[in-house]
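Please read these notes with the coordinates open. They go point by point, from the overall fold to single residues.

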Amino acid sequence: MAIFSGKNFKGLLGGLAFRQLDGRTIVQTAPGKGGVRQTVATKERSIEFGIASATNKAIRICFNSLHERLVGKKMPQRLQNIVSTIIRTNSRWERGKGELTGGDVGLLSGFNFNANPPFEKVFLPQIESVVGEDETLKVIVPSFIPQNALVIPFSASECVLRLQVIAFDFAQEVYKEIGEEEASFPVNGERVEGLSFTFEAEGLKDTVIMAGIALEFYTPARRGSILLNTNDFSPCLLLKAYNLENDHPHTSRWYDMPGYRATRNELKGRKLK
């Protein structure tokens, strides 16, 4: 029997089974009478979907201070599709045991947290992200004239370019912020000279380094300024994602990924047969 909590169903209703995962209602065909069970392949897909959902959620939450949740309703599903592809095609793991570790995380590079409009349609100069031999990340912004290089919201007077780099150790289920930088400039001002930001690699081999970049537009107010970014206009991009190929020193505390450990342990503890 299915129970309706006022928001969601849970349990069995007819031939359907309802359950909650990562804040979403998952509907699956209920096991039939006579001991009919899910196939191994179905269980493998279910586990991979769950791991992808937990990974997706951890990335979104860890970058909250950058995208400020101004992402649009379809962002979680768009990110889920990419993460699922990385996990499904990761040859390091057997089916049903896969995760992001060791996968082609470069597929995340260029992902727009807010695709309305995409970052590259608002900031026209091409930003370089270069990984050195020591796996240090260097982000290079060429010089530009704001009025020629930006799509500027009405009444905006200032723009802040923000960078945030986070290391994700999915094997250890922990993360840490490697660094955060920003540069501000008047949108009607003169040429902004080229900018360069360097972030040292940190973490064990297979740690995933992700660099996000965002633009914030402000208008003056009686006290300070007002942020103009909204769900309909908030350029924020996952600029670069790559795996560390070597171990690097841990120089400060790492933190548990939000909601990742419990979900991963529960899913990986399921029997496939």
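1. A term first: helices and strands here are DSSP runs, helices of H or I with at least four residues and strands of E with at least two, numbered from the N terminus. The model is predicted. On that count, the chain has six helices and 14 strands. It runs to 273 residues, of which 46% count as buried. Take the contacts between residues at least 6 apart in sequence: 73% of them join residues at least 24 apart.

2. Main core. The largest nonpolar core holds 37 residues. F123, I127, F199, I213, L215 and F217 have the most contacts inside it. Several elements each supply at least two of its residues: α4 (119-122), β7 (137-141), β8 (158-169), β9 (174-186), β10 (195-199), β11 (208-220) and β13 (236-243). There is also a second, separate core, with 33 residues. I166, F168, V208 and A214 are included in that second core.

3. L215. What does this residue touch, leaving aside its neighbours within four places in sequence? L215 is in contact with F119, V122 and F123, and also with L150. Its contacts further include C159, V160 and L161. N229 and P235 complete the list.

4. β8 and its partners. Eleven of the twelve residues of β8 are buried, so the strand is mostly covered by the under 20% cut-off for relative accessible area. β8 pairs with β9 in the antiparallel sense, over twelve bridges. Within that pairing, R162 has E182 of β9 as its bridge partner. β8 also pairs with β11, again antiparallel, over eleven bridges. There, V160 is bridged to E216 of β11. As background, side chains in a regular strand alternate between the two faces of the sheet.

5. The β8-β9 hairpin. Four residues lie between the two strands. E173 sits in this loop. Its phi is positive, near 65 degrees, and E173 is not a glycine. Most residues other than glycine have a negative phi, and most peptide bonds are trans. Is E173 buried or exposed? E173 is buried, because its relative accessible area is 7%, and the cut-off is under 20%.

6. D206. This residue is found in the loop between β10 and β11. D206 is another non-glycine residue with a positive phi, here about 80 degrees. D206 counts as buried because its relative accessibility is 17%, which falls under the 20% limit. Please inspect the backbone at both E173 and D206.

7. The cis peptide. Which peptide bond should be checked for its omega? The bond from N116 to P117 is cis, with omega near 0 degrees. P117 lies in the loop between β5 (111-114) and α4.

8. T55. This residue belongs to helix α1 (residues 40-62). T55 counts as buried because its relative accessibility is 0%. Its side chain reaches the backbone oxygen of I51 at 2.8 Å. Leaving aside neighbours within four places in sequence, T55 is in contact with V83, I87, L100, F170 and Y260.

9. The cavity. How many cavities of 30 Å³ or more does a search of the whole structure find? The search finds one. About 30 Å³ of space lies in the largest cavity. Its lining is made by L66, H67, E68, A214, L215, E216, N229, S234, P235 and C236. Two elements, α2 (64-67) and β11, give two or more residues to that lining. The largest share comes from β11, with three residues. Note the overlap with earlier points: L215 has many contacts inside the main core, A214 is in the second core, and E216 is the bridge partner of V160.

10. T230. This residue is in the loop between β12 (225-227) and β13. T230 counts as partly exposed because its relative accessibility is 36%, between the 20% and 50% limits. T230 and L70 are 160 residues apart in sequence. Their C-alpha atoms are nonetheless 5.9 Å apart in space. Leaving aside neighbours within four places in sequence, T230 is in contact with L70 and N114.

Methods. Residues are numbered from 1 along each chain as its sequence is written. This is a predicted model: local features need pLDDT of at least 70, side-chain atom pairs count only at pLDDT 80 or more; totals for chains, interfaces and linings use all residues. Side-chain values use heavy atoms; hydrogens and water are left out. A nonpolar core is a set of buried Ala, Val, Leu, Ile, Met, Phe, Trp, Tyr and Cys residues joined through side-chain atoms within 4.5 Å. Buried means under 20% relative accessible area, exposed over 50%, partly exposed in between (1.4 Å probe, protein chains only). Contact means heavy atoms within 4.5 Å. Two strands pair if DSSP finds at least two bridges between them. A polar contact is a pair of N or O atoms within 3.5 Å; within protein, one must be able to donate a hydrogen and the other to accept it, and residues adjacent in sequence count only if both atoms are side-chain atoms. On a 1 Å grid over the protein atoms alone, a cavity is a set of points where a 1.4 Å probe fits but cannot get out, and a pocket is an open set with protein on both sides within 12 Å along at least five of seven lines; lining residues have an atom within 4 Å of a point. Grid points are joined across faces, edges and corners, and a volume is the space filled by probe spheres set on the points.
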